[in-house]
Structure formats: structure tokens, C-alpha cells
Amino acid sequence: MSSHLEVSKPSGRELVPLTGQRVTIGKASTNAVSLDHDDTVSRLHAVLEHLEFAWSIRDLGSRNGTYINGERITAERVLRSGDEVRIGKSRLMFWEVKDGGGGKLDEETVSAAPHDVPPRLTRRELDVLMVLCRPLVSDNPFPEPVSVKQMAGELFVSEAAIKQHLQNLYDKFAIPTEGDRRVRLANEALRRGAVTIAQLRDGGTT
């Protein structure tokens with residue numbers, strides 16, 4: 001099992017394999033993961049450490065904090081595959097990947113797994129996903145997930161209907177029950193291509 005960070009930069013997506021015992025993240029170019037394009041990142045912002053069984057992350061007293069799935073962390077946190085890490089305005093995804101024959105980590109390794117194909121969605125489920133994911137392309141560095149009430153208002157349906165659609169989507173995307181399920185669902189929908197950044201920026205559904 002190998003692990004990597006998927007780092008979203010203005011130049012595009014970058015996959016950073018996690019090796020060794022410590023991986024530092026920050027604005028300085030000396031960091032293993034340098035976010036020198038982001039003025040809201042501290043020079044030495046956070047550190048990932050390799051435990052015997054997993055990777056953990058710890059904030060290093062940064063001015064803007066480190067967030068996991070929308071929650072600011074105050075202590076060391078063990079990462080799980082699919083976790084979203086927000087550092088400044090930068091978005092990083094943590095993934096664990098089963099090694100193939102040679103163990104080489106590349107984009108094919110990440111995208112070849114059958115579960116990466118998006119599930120079949122109804123038109124209304126897609127509408128819900130578009131509203132849910134839209135804050136991820138906003139200028140807010142720490143976007144709040146859209147509430148059930150907001151989604152109901154925007155789509156002109158009842159809150160009960162939204163809750164049912166969300167439950168169906170949690171099941172289809174195999175979202176675990178713990179943590180912020182709406183954040184995880186939005187991340188999974190984007191990762192698996194059920195909705196795209198281009199669609200969200202174009203203004204959503206009709």
C-alpha cells in the first residue's frame with residue numbers, strides 16, 4: 001500500500017508520493033510539498049509523519065490553520081484515504097493506493113480502479129451534487145458545505161426530499177457514516193468525475 005497527496009495548483013493537478021518518515025508542507029521552496037503560489041500558506045505550515053500503520057498530519061502553528069474535511073485540527077490527526085486537507089487556499093487530497101506489480105505510482109494507478117467510475121445518477125441527484133459541490137470552486141479558502149435547507153431552497157423541493165437524495169448519494173458513492181458526509185460526498189463526486197470543475201464554474205444545472 002502506497003500513499004500520495006493530490007495537490008491542486010494553478011498549473012494543474014500534481015501527485016506527490018509520500019515517502020520517508022516526515023513530509024513538510026508550506027510556502028517555502030525547501031518543503032517537500034511547496035505551495036509557493038499561495039500567500040495564505042505559512043513558510044512551514046504542516047507536517048505529515050509516517051506511523052507504522054498510517055500517515056498523520058499536524059499543524060505547525062500556522063497563521064491560517066490546517067483543515068481536514070472542513071474541520072480545523074488542533075492536534076495530530078491520522079489521515080484516511082479520501083480525506084481533504086485545506087492549507088491556506090490550497091486543496092490537497094490524501095489517497096492510499098494498492099501497489100501494482102512494480103509498485104510505481106502514477107495517474108494510471110490512481111484512476112484504473114473500478115470504483116473510480118462514477119455511479120449512475122438521476123437528474124435530480126446530479127442537481128443536488130452540483131449545488132453541494134459549488135462552494136469548492138469559490139474564492140473562500142474554507143468553504144462551508146451547503147446546508148440541507150439551502151439546497152432545498154435552491155432546487156425548490158422539500159428538505160425531506162433533499163435528505164433522501166443525499167442518502168441515496170451516500171449509498172451510491174459508499175460514503176462512510178463518520179465525519180462530515182457532505183464534504184466527503186462532494187470530494188468523491190469531483191474525484192470520480194460525476195461533476196467537473198468546468199461544470200461548476202459554468203453555473204450549474206438548468
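The axis of a helix is a line fitted to its C-alpha atoms, taken over the stretch in contact, and the angle between two axes runs from 0 to 180 degrees between N-to-C directions. This definition is needed for the helix pairs described below. The structure shown is a predicted model.

Confidence comes before detail. The mean pLDDT of the protein chain is 84, and 86% of its residues reach 70 or more. Residues 101-115 are a stretch to treat with care, since pLDDT stays under 50 there. For this stretch the model has 19 contacts beyond four places in sequence. Where pLDDT is low, the predicted coordinates should not be read in detail.

Next come the strands. Strands of a sheet pair through backbone hydrogen bonds, either parallel or antiparallel. One open sheet has six strands in the order β2-β1-β11-β10-β7-β8, and its pairing is antiparallel. Its edges are β2 (12-17) and β8 (71-72), each of which pairs on one side only. At the β2 end, strand β1 (residues 2-9) pairs with β2 in the antiparallel sense, over six bridges. His4 has Pro17 in β2 as its bridge partner.

Another open sheet has five strands, ordered β4-β3-β5-β6-β9, and here the pairing is mixed. The edge strands are β4 (33-34) and β9 (77-78), each pairing on one side only. Strand β3 (residues 22-26) and β4 run parallel and are joined by two bridges. The bridge partner of Gly26 in β4 is Ser34.

The helices can be followed pair by pair. Two packed helices are described by the angle between their axes and the distance between the axes. Take helix α2 (residues 123-133) and helix α3 (residues 148-155): their axes come within 10 Å and cross at roughly 120°. The two helices are therefore oblique to each other, and the crossing of α2 and α3 is right-handed. From α2, the contact uses Arg124, Asp127, Val128, Val131 and Leu132, and from α3 it uses Met151, Glu154 and Leu155. By class, the α2 and α3 contact has five nonpolar residues, no polar ones and three charged ones.

Helix α3 also meets α4. Their axes come within 8 Å and cross at roughly 110°, so α3 and α4 are roughly perpendicular to each other. Val148, Lys149, Met151, Ala152 and Leu155 of α3 touch Glu159, Ile162, Lys163 and Leu166 of α4. This contact of α3 with α4 has six nonpolar, no polar and three charged residues.

Helix α4 (residues 159-172) then crosses helix α5 (residues 181-191) at roughly 60°, with the axes coming within 10 Å. That angle makes α4 oblique to α5. The crossing of α4 and α5 is left-handed. On the α4 side the contact residues are Leu166, Gln167, Leu169 and Tyr170, and on the α5 side they are Arg181, Arg182 and Leu185. Four residues of the contact between α4 and α5 are nonpolar, one is polar and two are charged.

Helix α5 leads back to the six-stranded sheet, whose order includes β11 and β10. This helix lies across β10 (84-87) and β11 (90-97), and runs at about 80° to β11.

Terms used
Residues numbered from 1 in each chain as written. Predicted model: local features only at pLDDT ≥ 70, side-chain atom pairs only at ≥ 80, totals over all residues. Heavy atoms only, no water. Helix = DSSP H or I, 4+ residues; strand = E, 2+ residues; numbered from the N terminus. Parallel < 35°, antiparallel > 145°, perpendicular 65-115°, else oblique. Left-handed = near helix turned anticlockwise from the far one by under 90°. Contact = heavy atoms within 4.5 Å. Nonpolar A, V, L, I, M, F, W, Y, C, P; charged D, E, K, R; others polar. Pairing = 2+ DSSP bridges. pLDDT = per-residue confidence, 0-100.
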